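Reader: Please take one sheet of this protein and examine it closely, with the strands and helices around it. I would like a connected account rather than a list.

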Amino acid sequence: MTSKGIHHVTAIAGSARRNLDFYTATLGLRLVKKTVNFDDPGTYHFYFGDDAGRPGSILTFFPWEHADEGRAGVGETQETAFRIPEASIGYWTGRLIARGLAPELPEKRFGASVIAFKDPDGMRLALVGVPGIDAEPAKTFGEVPAEHAIRGLHSVTLLLKEAGPTAAILTDVFGFTETGREGTRIRFTAAGAEEGRIGTIVDIREAGGFLSGRQGRGSVHHIAFRAADDAAQAEMVERLTAHHGARVTGQRDRTYFRSVYFREPGGVLFEIATDDPGFAVDEAPESLGEALKLPAQYEAHRAEIEATLPAVA
């Protein structure tokens with residue numbers, strides 16, 4: 001199997017307006033798509049990413065206004081990290097402090113400088129300084145200068161009771177390779193990382209005996225891995241069921257990709273999402289995220305849905 005890595009990460013937020021303001025104005029990401037939760041159309045589903053909404057750049061949110069706070073623990077995604085140029089560590093440290101976010105002191109992980117911090121809902125994030133990416137095309141949609149712009153997802157960190165069963169799925173189904181160990185952290189990398197492909201790293205931290213996590217505001221709902229098309233997705237599903245005994249959902253059309261879901265052995269909800277058709281299927285690339293886009297089954301109820309959703313700028 002050959003994986004292209006992470007497609008997107010989906011998390012839970014509280015206030016929709018606060019979530020939108022933070023990820024666009026503070027982090028400089030583009031609002032790629034403003035739609036609703038397919039299973040709960042009274043709730044927004046925001047997609048943030050790079051200028052084109054490329055797979056591997058996308059962080060999405062279900063902003064439930066009255067969601068309870070999540071609890072950190074075993075069986076969850078502990079941290080979501082973005083790539084920034086190595087020379088931008090100082091800029092981002094200062095920017096986060098100025099915004100009152102109290103980032104942790106920079107640390108080294110596998111030789112790279114990392115700034116860890118939390119978003120306004122308590123979601124654990126990090127910025128990883130990556131050498132040699134300064135020349136990558138970059139745009140921002142807030143106040144962040146282009147030279148310091150985030151360049152897609154870097155990695156996710158899973159906090160699990162044991163690494164082995166999950167590692168087997170990462171390597172056998174998604175084509176990742178173990179590329180390093182550092183303390184309690186085991187790193188897995190997808191093919192293409194050496195060419196600068198985004199979203200290619202999954203870290204696992206073993207923490208047996210810790211309290212289990214509880215989903216809520218500030219926690220990750222699921223991680224989606226990339227499949228080029230339906231055939232690649234079907235092959236992954238076949239390996240999951242035949243080699244790992246996983247129970248996988250049927251395919252679900254999410255308008256911008258087609259998805260299947262399963263719970264990996266450590267308890268984290270995984271998704272396999274196709275790269276096609278992409279976010280420009282219902283909006284021109286230059287106007288992504290400007291209008292509220294509804295799944296076809298909800299279009300007849302647009303007026304009612306718009307009246308229910310909280311007002312955002």
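**The sheet around β5**

Author: The UniProt annotation "domain: VOC", from an unreviewed entry, covers residues 5-130 and 152-275; UniProt positions are given in the numbering used here, feature names are shortened, and annotations may be inferred rather than shown by experiment. This is a predicted model, in which local features need pLDDT of at least 70 and side-chain atom pairs count only at pLDDT 80 or more, while totals for chains, interfaces and linings use all residues. Residues are numbered from 1 along each chain as its sequence is written, and side-chain values use heavy atoms, with hydrogens and water left out.

Over residues 5-130 the chain is 17% helix and 47% strand, with its end C-alpha atoms 17 Å apart; over residues 152-275 the values are 19% helix and 38% strand, with the end C-alpha atoms 15 Å apart. Helices (H or I, at least four residues) and strands (E, at least two) are DSSP runs, numbered from the N terminus.

The sheet chosen here is an open one of 8 strands, in the order β6-β7-β8-β5-β9-β12-β11-β10, and its pairing is mixed; two strands pair if DSSP finds at least two bridges between them. At its edges stand β6 (107-109) and β10 (177-182), each of which pairs on one side only. Neighbouring strands of this sheet are turned by 30 degrees against each other on average, direction ignored; axes are lines fitted to C-alpha atoms, for helices over the stretch in contact, and angles run from 0 to 180 degrees between N-to-C directions.

Within this order, strand β5 (residues 76-85) lies between β8 and β9, and 10 of its 10 residues are buried, where buried means under 20% relative accessible area, exposed over 50% and partly exposed in between (1.4 Å probe, protein chains only). Towards strand β9 (residues 153-160), β5 runs antiparallel over 6 bridges, with Phe82 as the bridge partner of Leu153. Towards strand β8 (residues 124-130), the pairing of β5 is parallel, again over 6 bridges, and here Pro85 stands opposite Val130.

From β9 the sheet continues to strand β12 (residues 201-206), which is joined to β9 by 6 bridges and runs parallel to that strand; Asp203 of β12 is the bridge partner of Thr157. Helix α3 (residues 164-172) lies across β9, β11 (185-189) and β12, and its direction makes about 170 degrees with that of β12.

Another helix, α2 (residues 89-98), has Ile89, Trp92, Thr93, Arg95 and Leu96 as its buried residues. Seen down the axis of α2, these fall within an arc of 165 degrees, so they line one face of the helix; the arc is that of the directions from the helix axis to the C-beta atoms. The buried residues pack against α1, β5, β7 (112-118) and β8, contact meaning heavy atoms within 4.5 Å. On the other side of α2, Gly90, Ile97 and Ala98 are exposed. Just after this helix, Gly100 takes a positive phi of about 75 degrees.
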